[in-house]
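Here is a short tour of one molecular structure. Keep the sequence and the 3D view open as you read.

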Amino acid sequence: MKKLSLFLAAALLTAAVSPIGVSASDTEELTYSDSVDWDKFRGQNITINVYNWGEYISVDDGTEGAFDTNRAFEELTGIDVNYTNFASNEELYAKLKNGGSSYDIIIPSDYMIARMINENMLEKLDYSNIPNFELLISDDFKGMDYDPNDEYSVPYMWGMVGLIYNTTLVDPEDDVYSWNILWNEKYAGDILMFSNSRDAFMIAEKYLGYSMNTTDEQELRHAASALTDQKLLVQAYVMDEIFDKMIGGEAALAPYYAGDALTMIADNPELAYAVPREGTNLFVDAMCIPKGAKNKEAAELYINFMCETLVALRNCEYIGYSTPQKYVLDYLDPELANDPIAYPDEATLANTEAFIALPNATTQLIDELWTSILTASEAEPWTIPVFLLACLGLSIGINVYRQVKKKRNV
Amino acid sequence: MSKKSKYAAVPYLVWMVIFILVPLILIGVFAFTTTVQVDSEGNVLTTEEYDTYVADLIAEYDEIGEDYDINELLENDDITEKTVFTLAHILEVSKYSSVLINSAWLALIATAICLVIAYPLAYMISRMRESRQKLALMLVMLPMWMNFLLRTYAWMTLLEKNGLINKLFGLIGLGPFEMINTQGAVVLGMIYNYLPFMILPLYSVMTKIDSRTIEAAQDLGANGIQVLGRVIIPLSMPGVATGITQVFVPSISTFIISRMLGGGTNMLIGDLIDLQFLGNAYNPSLGAAISLVLMVFIILCMSITNQLDNEDMEGVLM
């Protein structure tokens, strides 16, 4: 984390030194680098399947000067992009495990990358096809814990989880800089919560003062019972639905990703963002190629394209997440580059923790606990078999009775 | 039936085998099997034993400092995976029996309300002039021309706390009411989405009831209630049975309605299955076991509703 903050201090310094208004005029001079032969696959009628988070790329939303990343790639290289979304790392994992669908690019988060590497689900990248990794990615994002030898992934964005709240609905007396507020009964029915287990458990664990990577069964069970208590106060468990609900003022409090907080605040100025002092999660989302990708080289070209300063800048501007790129911050609108939500100060960063891949047994326990939190009921294990036999018996009985009766009537 | 006409069923038979029978068998296999690690002597390793074994192996090779592929090492040591029969998944489903009961209850309410709404409407349509009937049927079908998700999403914006309905109530000084993220909202979603499936079979049966049958009953002195109870209801029973099945089955297994309108806190059996296959708790075996339980339950419900169009049942009902 220390490395990261040094890098940030340096970045902020460059931003401060460079003359004001630099961003608007200078970005127009940005063009694609000639680090690779972009035309390599032109005319070969290749399509790559890109599987990314929802709202996680710059698209043409009709505003002036909008940049459509995938269209720009198609124009530059002649490769078609088939772009689809997932809502959580776990959904992505399940999709890949189920097989049947083939993707060329996926963008999971750190802990999921580590898990996929462990389970032999990722293809090693050929970095000679991705020169931009060496040239343009900040050294602070090389050799990350999840991929220590830089073999499988290229960082796309990073960010942290914080608390988004509606200033008109939250009592100013209440402390939004603590996860405690998510257990405050005053806000019953006004709280939104992550619908993915890892993030939800992270919050409960931090609330109870544990590590977010704990493998201790007792601690996990405590976290689960905290989440069960919280369920009474939760309005809904959501992922991307949060945009509509928070912007529309449907809920008062919701933990979510910093970059998306910026997007929501831009749409509804009544919203604000806080990082609880108990600590939170810092994550990196990185581009990977899953095993079984049909167009690996074209996919690597896509990764290289995404690392282009111009492209990374446009994506960064659009989605508001923080960039792991060396030069993007120089071009970024100073307002965003200096925004404490996207680029928090050293003290905040020091108080964060990154997810690591948990042992299988722990992952399984979390999944089990999470399902039982959402369904919350205890019953004897024999109930379903007995119920099944009763159902079968009854339906056979009814049909036999019918047949017998029919015969008698004939 | 001539031999030739039998061949006409071949395309469907092929379809049925590939897309119905094979998946059913797969569900059964998933639900009743589990993989275990077996060592060279055929002893089954528990998860802990296996984990320590792998950890030891890794530690050993890390000490030597050699490059290795852990899967290869395990293969060399004759540690293999074996698929064995188990009842564990089915037993595990018991944990979620309250979810199943809740889903069945909500689906039952939705089906009952659909029947109450659809029955008089279907009768009215069936007694209209031919040209009017077509128009009325089109109106019934109209919402189905829109995407299912879109329709449910629209209900979200209607029912929300700051949604249209609460805003209207606000104008006359009422509310706001808690409507979204409740079981009522889920039932509403089911009724809205599946009502046409109740109306259509009822209508198609009722158009076949000859008006002269009803007139005959009236001539013989039956009053309105008697005509309904002794003529119309018994004759429309096959439609009722089909309608109930067509509404109940998708209602009990829905997952998107409860997620969008129930806010993820009112989990139904469909959500649970979805969670096992595409959600956080990736566990296809448990998912298959739940699906199996749901299927058996639906078979029971269908054999009960089938009783309704049994000709012997006429009169019994009244």
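Which side chains meet in a salt bridge at 2.9 Å, N to O? They are those of A:Arg221 and A:Glu217. A salt bridge is a side-chain nitrogen of Lys or Arg within 4 Å of a carboxyl oxygen of Asp or Glu. The two residues are four apart in helix H8 (residues 217-231) of chain A, so about one helical turn separates them.

This is a predicted model, in which local features need pLDDT of at least 70, side-chain atom pairs count only at pLDDT 80 or more, and totals for chains, interfaces and linings use all residues. Residues are numbered from 1 along each chain as its sequence is written, chains are lettered from A and ligands numbered from 1 in the order in which they are written, and side-chain values use heavy atoms, with hydrogens and water left out.

## Chain A

Chain A has 17 helices and ten strands. Helices (H or I, at least four residues) and strands (E, at least two) are DSSP runs, numbered from the N terminus. The C-alpha atoms fill a box of roughly 95 × 60 × 40 Å along the principal axes. Of the 410 residues of chain A, 55% count as buried. Buried means under 20% relative accessible area, exposed over 50%, and partly exposed in between (1.4 Å probe, protein chains only).

Look at helix H12 (residues 309-319) of chain A. Nine of its eleven residues are buried, so the helix is largely enclosed by the rest of the structure. Among them are A:Leu310, A:Val311, A:Arg314 and A:Ile319. Just after H12(A) comes A:Gly320, with a positive phi of about 80°.

Most residues other than glycine have a negative phi. A:Asn45 has a positive phi, near 60°. A:Asn45 sits in the loop between helix H2 (22-26) and strand S1 (47-53) of chain A, and is exposed at 68% relative accessible area. A:Glu55 also has a positive phi, near 55°. A:Glu55 lies in the loop between S1 and helix H3 (69-77) of chain A, and is partly exposed at 43%.

## Charged side chains

Over all chains, the structure holds 20 salt bridges. Here are some of them.

| Positive partner | Negative partner | Distance, N to O |
|---|---|---|
| A:Arg221 | A:Glu217 | 2.9 Å |
| A:Arg71 | A:Asp68 | 3.5 Å |
| A:Arg277 | A:Asp175 | 2.2 Å |
| B:Lys161 | A:Asp190 | 2.5 Å |

The pair A:Arg277 and A:Asp175 meets in a salt bridge. This pair links distant parts of the chain, 102 residues apart. A:Asp175 is partly exposed, at 35% relative accessible area.

A:Asp60, A:Asp68 and A:Arg71 are linked in a network of salt bridges. In that network, A:Asp68 is buried at 19%, whereas A:Arg71 is partly exposed at 42%.

How far away is the nearest side chain of opposite charge to A:Asp150? It is A:Lys142, 6.9 Å away, and A:Asp150 is buried yet has no salt bridge. Lys and Arg count as positive and Asp and Glu as negative; His and the chain ends are not counted. A:Asp150 lies in the loop between helix H6 (131-136) and strand S4 (154-166) of chain A. A:Asp150 touches residues including A:Tyr127, A:Phe133 and A:Met144 (contact means heavy atoms within 4.5 Å).

## Where chains B and A meet

In chain B, 43 residues are in contact with 50 residues of chain A. The area buried between the two chains is about 3,900 Å², and carbon and sulfur atoms give 57% of that. Buried area is the accessible area (1.4 Å probe) that two parts lose on being put together, summed over both. One salt bridge joins chain B and chain A: the side chains of B:Lys161 and A:Asp190. H15(B) gives the most to the side of chain B that touches chain A, with eight residues.

## Two domains in chain B

Chain B is divided into domain 1 (13-19 + 29-86) and domain 2 (96-313); such bounds come from an automatic or database domain assignment. The domain centres, taken over C-alpha atoms, are 47 Å apart. Four residues of domain 1 of chain B contact five of domain 2. About 330 Å² is buried between these domains, with 79% from carbon and sulfur atoms. In domain 1, B:Phe30, B:Ala31 and B:Phe32 lose the most area, together 93% of what that side buries. The count of salt bridges between the two domains is zero.

Terms used
Lists of a residue's contacts leave out its neighbours within four places in sequence.
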